[in-house]
Amino acid sequence: MTLVLDWDGTVTERDTLELVVEWFGDGATYRRNGRLIGRSLTHDQALVTSFATIRAGLPEVVDRLRAEVRVRPGFQELAERHQPLVISSGFHELIEPILEREGAEVELLANRLHARADGWQINFRDRAACAVCGEPCKRASLPPGNVAYAGDGYSDRCAALAATRVFATGALAEWLGDECVPYDRFEDFYDVLAALEAKDVLR
């Protein structure tokens, strides 16, 4: 069984996409878009309009992320023992500096961005619409075979439904509960490690 992790709000304690827009862009736009996701906006459309409000230079943003973003306890141990695949709606340019700081080596699938002075632009990794949810989502990027998936939010829903086993926190846990989908709740990655290794499911 392959372990797959979301990044923002899952590996990190707080959603770094939200933090970046709050720090350097228009947080009100981000919050308004968040309420519209799944209604009048797709997840990708919400990201595009939110990140277009950022005009800061990438080095400034990365320096603040490296200084302030914290990963969940147990991430390094989980990465060393289970070599997870990280699938993110975020960006290589913002994730890789945190991985480097943590000394963690994982396979990463994420979008790219262009930090333009007139507003950041996103280069999405995959724009093909999913046959299940109707949006470009993470389901198509899941590896074949049995998958244990850990996530926290809207962008994790479709992938979680396709996974063999789900670890959830935050809004994803609430949604799965409402949908009567089985999952294991986690607060940190020691919870995930204990659950995986108790059943030896990744051996």
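The legends below describe several close-up views of a predicted model.

**View 1. The buried side of helix H3 and what covers it.** Helix H3 spans residues 43–51, and its buried residues are His 43, Asp 44, Ala 46, Leu 47, Ser 50 and Phe 51. Because these residues cover an arc of only 160° around the axis, they lie on the same side of H3. The elements that cover them include two helices, H1 (16–24) and H2 (27–36), together with two strands, S2 (85–91) and S4 (121–123).

**View 2. Helix H5 and the residue that follows it.** In helix H5, which runs over residues 75–82, the buried residues are Phe 75, Leu 78, Ala 79 and His 82. They cover an arc of only 100° around the axis, and they are therefore found on the same side of H5. Just after H5 comes Gln 83, whose backbone takes a positive phi of about 40°.

**View 3. The surroundings of His 92 in helix H6.** His 92 belongs to helix H6, which comprises residues 92–102. Its relative accessibility is 10%, and because buried means under 20%, His 92 counts as buried. The side chain of His 92 makes a polar contact with the side chain of Glu 96 at 2.8 Å, and it also reaches the backbone oxygen of Ala 110 at 3.5 Å. When residues up to four places away in sequence are not counted, His 92 touches Pro 97, Leu 108, Leu 109, Ala 110, Asn 111 and Arg 112.

**View 4. The largest nonpolar core, with Val 20 among its members.** In soluble globular proteins, nonpolar side chains tend to be buried together. The largest nonpolar core of this model has 45 residues, of which Leu 5, Val 20, Phe 51, Phe 75 and Leu 94 touch the most other members. Leaving aside residues up to four places away in sequence, Val 20 touches Gly 25, Phe 51, Ile 54, Val 61, Leu 65, Leu 94 and Trp 120. Apart from the largest core lies another core, of 15 residues, among them Ala 160, Ala 163, Val 166 and Trp 175.

**View 5. A cluster of aromatic rings formed by Trp 7, Phe 75, Phe 186 and Phe 189.** A pair of aromatic rings is described by the distance of the centres and the angle of the planes. The model has a count of 6 aromatic pairs. In one of them, the rings of Trp 7 and Phe 75 have centres 6.3 Å apart and planes at 85°, so this pair is edge-to-face. The pair links distant parts of the chain, since Trp 7 lies in the loop between strand S1 (2–5) and H1 while Phe 75 lies in helix H5, 68 residues apart. Phe 186 and Phe 189 form a stacked pair, at 5.8 Å centre to centre and with 15° between the planes. Trp 7 counts as buried at 1% relative accessibility, and Phe 75 counts as buried at 0%. Phe 186 is likewise buried, with a relative accessible area of 1%, and Phe 189 counts as buried at 0% relative accessibility. Ring pairs link these four residues, Trp 7, Phe 75, Phe 186 and Phe 189, into a cluster.

**View 6. A charge placed over the ring of Trp 23.** Here the charged end of Arg 64 sits over the ring of Trp 23, at 4.1 Å from the centre of that ring.

Terms used
Residues are numbered from 1 along each chain as its sequence is written. This is a predicted model: local features need pLDDT of at least 70, side-chain atom pairs count only at pLDDT 80 or more; totals for chains, interfaces and linings use all residues. Side-chain values use heavy atoms; hydrogens and water are left out. Buried means under 20% relative accessible area, exposed over 50%, partly exposed in between (1.4 Å probe, protein chains only). Helices (H or I, at least four residues) and strands (E, at least two) are DSSP runs, numbered from the N terminus. The arc is that of the directions from the helix axis to the C-beta atoms. Contact means heavy atoms within 4.5 Å. A polar contact is a pair of N or O atoms within 3.5 Å; within protein, one must be able to donate a hydrogen and the other to accept it, and residues adjacent in sequence count only if both atoms are side-chain atoms. A nonpolar core is a set of buried Ala, Val, Leu, Ile, Met, Phe, Trp, Tyr and Cys residues joined through side-chain atoms within 4.5 Å. Rings of Phe, Tyr and Trp (its six-membered ring) pair if their centres lie within 6.5 Å; planes under 30 degrees apart count as stacked, over 60 as edge-to-face and the rest as tilted. A charge sits over a ring if NZ of Lys or CZ of Arg is within 6 Å of the ring centre and within 35 degrees of the ring normal.
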